[in-house]
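Here is a friendly briefing to read alongside the structure. Have your viewer ready, and follow the topics in order.

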Amino acid sequence: MWVLIGCNAQNDSRDHNDKLKSQSIVAIKEAAIKGQMKGMEVPLKSTYSKVVEVYGEPKGISNEECWTYSFGHSKSEADFYFSHDSCGEDHNVLKPETILNKISVPVESLQIQMTAEDVKLALGKPDKEYWNEAYDGYYLIYDLDQYHLVFFAKEKTDPINISRVQVISTS
C-alpha cells in the first residue's frame with residue numbers, strides 16, 4: 001500500500017511540475033506576442049538609450065552576421081540586438097536612437113529548464129524546426145505575426161536542452 005501511495009505522490013508531483021513548466025513556456029509566448037521577453041522591462045522597438053537607462057552600460061558591443069548587439073549589461077544577462085548596418089563603417093557603434101529588434105536570454109534567466117519536447121508540448125508544432133550546422137545549433141521557431149519566438153539549443157543532446165530564448169521583430 002505504501003509503495004502505491006509513494007508512486008502516486010511522485011507522479012502527481014511530476015505532473016504538477018510539467019504543468020508549471022508548460023505554463024511558463026506559454027507565458028514566454030504571450031510576452032513575445034507583444035514584442036517582449038518575459039521578465040524584461042524593455043520591449044522590442046525601444047531605443048539603445050532606453051536599454052542603457054534600464055539595464056546599465058554594456059561591457060561590450062559586437063557584431064554577428066550584420067547585427068550589432070550589446071552584452072554584459074550590469075542588470076541583465078540578455079543580449080540586445082539592434083537594427084543597425086553593422087557591416088558598414090561604424091563597427092561596434094550604437095547611436096542612442098538605434099532601435100532594438102532582438103532580445104536573446106539564457107534560459108536560466110527565465111528560471112526554467114526546458115527541452116525541445118517541453119516547448120512542443122506547451123506550444124505545439126513550431127513553424128520551423130532545424131539543426132543549423134553552419135551556426136552549430138538547433139532552432140525551434142514560432143511565427144507570431146510581427147515577431148518570431150526562437151528556442152535555441154547549442155548542443156546535440158538527448159533530450160535537446162534549450163539554452164537560449166529569443167524574441168525577434170520581423171519588421
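A residue counts as buried here when its relative accessible area is under 20%. Please keep in mind that this is a predicted model. With that cut-off in hand, we can look at helix α3, whose buried residues are Ala-116, Asp-118, Val-119 and Leu-123. Viewed down the axis of α3, these residues fall within an arc of 160°, so they line one face of the helix.

**The sheet as a whole**
- The model has an open sheet of 8 strands, joined by antiparallel pairing in the order β1-β2-β3-β4-β8-β7-β6-β5.
- Its edge strands are β1 (60–64) and β5 (128–132), each of which pairs on one side only.
- On average, neighbouring strands of this sheet are turned by 20° against each other, with direction ignored.

**Strands β3 and β4**
- Strand β3 (residues 79–82) runs antiparallel to strand β4 (residues 100–106), and 4 bridges join them.
- If you would like a residue pair to find on screen, Asp-79 stands opposite Ser-104 in β4.

**Helices on the sheet**
- Helix α2 (residues 48–55) lies across β1, β2 (67–71), β3 and β4, and runs at about 165° to β3.
- Helix α3 (residues 116–123) also packs on the sheet, where it touches β5, β6 (137–144) and β7 (147–153).
- The direction of α3 makes about 15° with that of β6.
- Just after α3 comes Gly-124, with a positive phi near 85°.

**Strand β6 and its two hairpins**
- How many of the residues of β6 are buried? The count is 7 of its 8 residues, making β6 mostly covered.
- Towards β5, strand β6 pairs in the antiparallel sense over 5 bridges.
- One residue pair to look for here is Trp-131 with its bridge partner in β6, Tyr-138.
- The hairpin of β5 and β6 has 4 residues between the strands, and Asp-136 takes a positive phi near 55° there.
- Towards β7, the antiparallel pairing of β6 extends over 7 bridges.
- Tyr-142 has Leu-149 as its bridge partner in β7.
- The hairpin of β6 and β7 has 2 residues between the strands, and Asp-145 in the turn has a positive phi of about 65°.

Technical notes: Residues numbered from 1 in each chain as written. Predicted model: local features only at pLDDT ≥ 70, side-chain atom pairs only at ≥ 80, totals over all residues. Heavy atoms only, no water. Pairing = 2+ DSSP bridges. Axes fitted to C-alpha atoms, helices over the stretch in contact; angles between N-to-C directions. Contact = heavy atoms within 4.5 Å. Buried < 20%, exposed > 50% of the residue type's maximum accessible area, 1.4 Å probe, protein only. Arc of directions from axis to C-beta.
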